[in-house]
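Colleague: Could you take me closely through the empty space in this model, meaning its pockets and any enclosed cavity, together with the residues around it?

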Amino acid sequence: EFDVIKTHCSIGANILTGSHYDRIIMAETVALTHHERWDGSGYPAGLKGEDIPLEGRILSICDQYDALRSVRPYKKSFTHQETVKVITVGDGRTKPEHFDPAILETFKKMDDEFDEIFNNNQ
């Protein structure tokens, strides 16, 4: 089942492919790479480090923040403080090594803004 869920990256990129518009091209890149991890353990291509486009590296941490803060059928929502701890310290499933170190440092400096944006968009 998880293998099927992981296809959403490629499906989204395929829907967006072929555009000549810069924003759609960027959206295609984001769709394809937002689950890649800095340490190479992500999907769909197992890209590592700077082989992951910058857009994907940025959206990876944003997507993780949103996923942790949001209710899912299989989990409760996390508080902002719990979410920051999971992203910056890890919980066994999510690890700081999953994220570009420079982007993780930026996240640490502006995590309150993530909380504000999340709360303002519910």
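Modeller: What follows goes through the pockets, then the enclosed cavity, and then a few residues beside them. Please keep in mind throughout that this is a predicted model. Rolling a probe the size of a water molecule over the atoms shows where empty space is left.

The largest pocket holds about 690 Å³ of space. It is lined by 22 residues, and those closest to its centre are H35, Q64, A67, Y74 and R93. Two elements, α1 (2-5) and α4 (54-69), each give two or more residues to this lining, and the largest share, five residues, comes from α4. By class, the lining of the largest pocket is made up of eight nonpolar, seven polar and seven charged residues.

The second largest pocket offers about 220 Å³. Its lining counts 14 residues, with C62, F107, M110, F114 and I117 the closest to the centre. Here the elements that give two or more residues are α4 and α6, and α6 supplies the largest share, namely seven residues. The lining of the second largest pocket divides into 10 nonpolar residues, three polar ones and one charged.

As for enclosed space, the structure holds one cavity of 30 Å³ or more, and the volume of the largest cavity is about 30 Å³. The residues that line this cavity are E36, R37, W38, I52, R57, S60, H98, F99 and D100, and by class they comprise three nonpolar, two polar and four charged.

One residue that touches members of these linings is T94, which sits in the loop between α5 (80-88) and α6 (101-120). T94 counts as buried, because its relative accessibility is 6%. Leaving aside residues up to four places away in sequence, T94 touches Q64, V86 and F99. Of these, Q64 is among the residues closest to the centre of the largest pocket, while F99 belongs to the lining of the largest cavity. The side chains of T94 and Q64 also make a polar contact, at 3.3 Å.

The cysteine in the second largest pocket, C62, deserves a last remark, since C62 is among the residues closest to that pocket's centre. C62 is partly exposed, with a relative accessible area of 28%, whereas C9 is buried at 0% relative accessibility. The closest cysteine sulfur to that of C62 is in C9, 15 Å away, and is therefore too far for a bond. In keeping with this, a search of the whole structure finds zero disulfides.

Methods:
Residues are numbered from 1 along each chain as its sequence is written. This is a predicted model: local features need pLDDT of at least 70, side-chain atom pairs count only at pLDDT 80 or more; totals for chains, interfaces and linings use all residues. Side-chain values use heavy atoms; hydrogens and water are left out. A disulfide is a pair of cysteine sulfur atoms within 2.5 Å. Buried means under 20% relative accessible area, exposed over 50%, partly exposed in between (1.4 Å probe, protein chains only). Helices (H or I, at least four residues) and strands (E, at least two) are DSSP runs, numbered from the N terminus. A polar contact is a pair of N or O atoms within 3.5 Å; within protein, one must be able to donate a hydrogen and the other to accept it, and residues adjacent in sequence count only if both atoms are side-chain atoms. Contact means heavy atoms within 4.5 Å. On a 1 Å grid over the protein atoms alone, a cavity is a set of points where a 1.4 Å probe fits but cannot get out, and a pocket is an open set with protein on both sides within 12 Å along at least five of seven lines; lining residues have an atom within 4 Å of a point. Grid points are joined across faces, edges and corners, and a volume is the space filled by probe spheres set on the points. Ala, Val, Leu, Ile, Met, Phe, Trp, Tyr, Cys and Pro count as nonpolar, Asp, Glu, Lys and Arg as charged, and the others, Gly among them, as polar.
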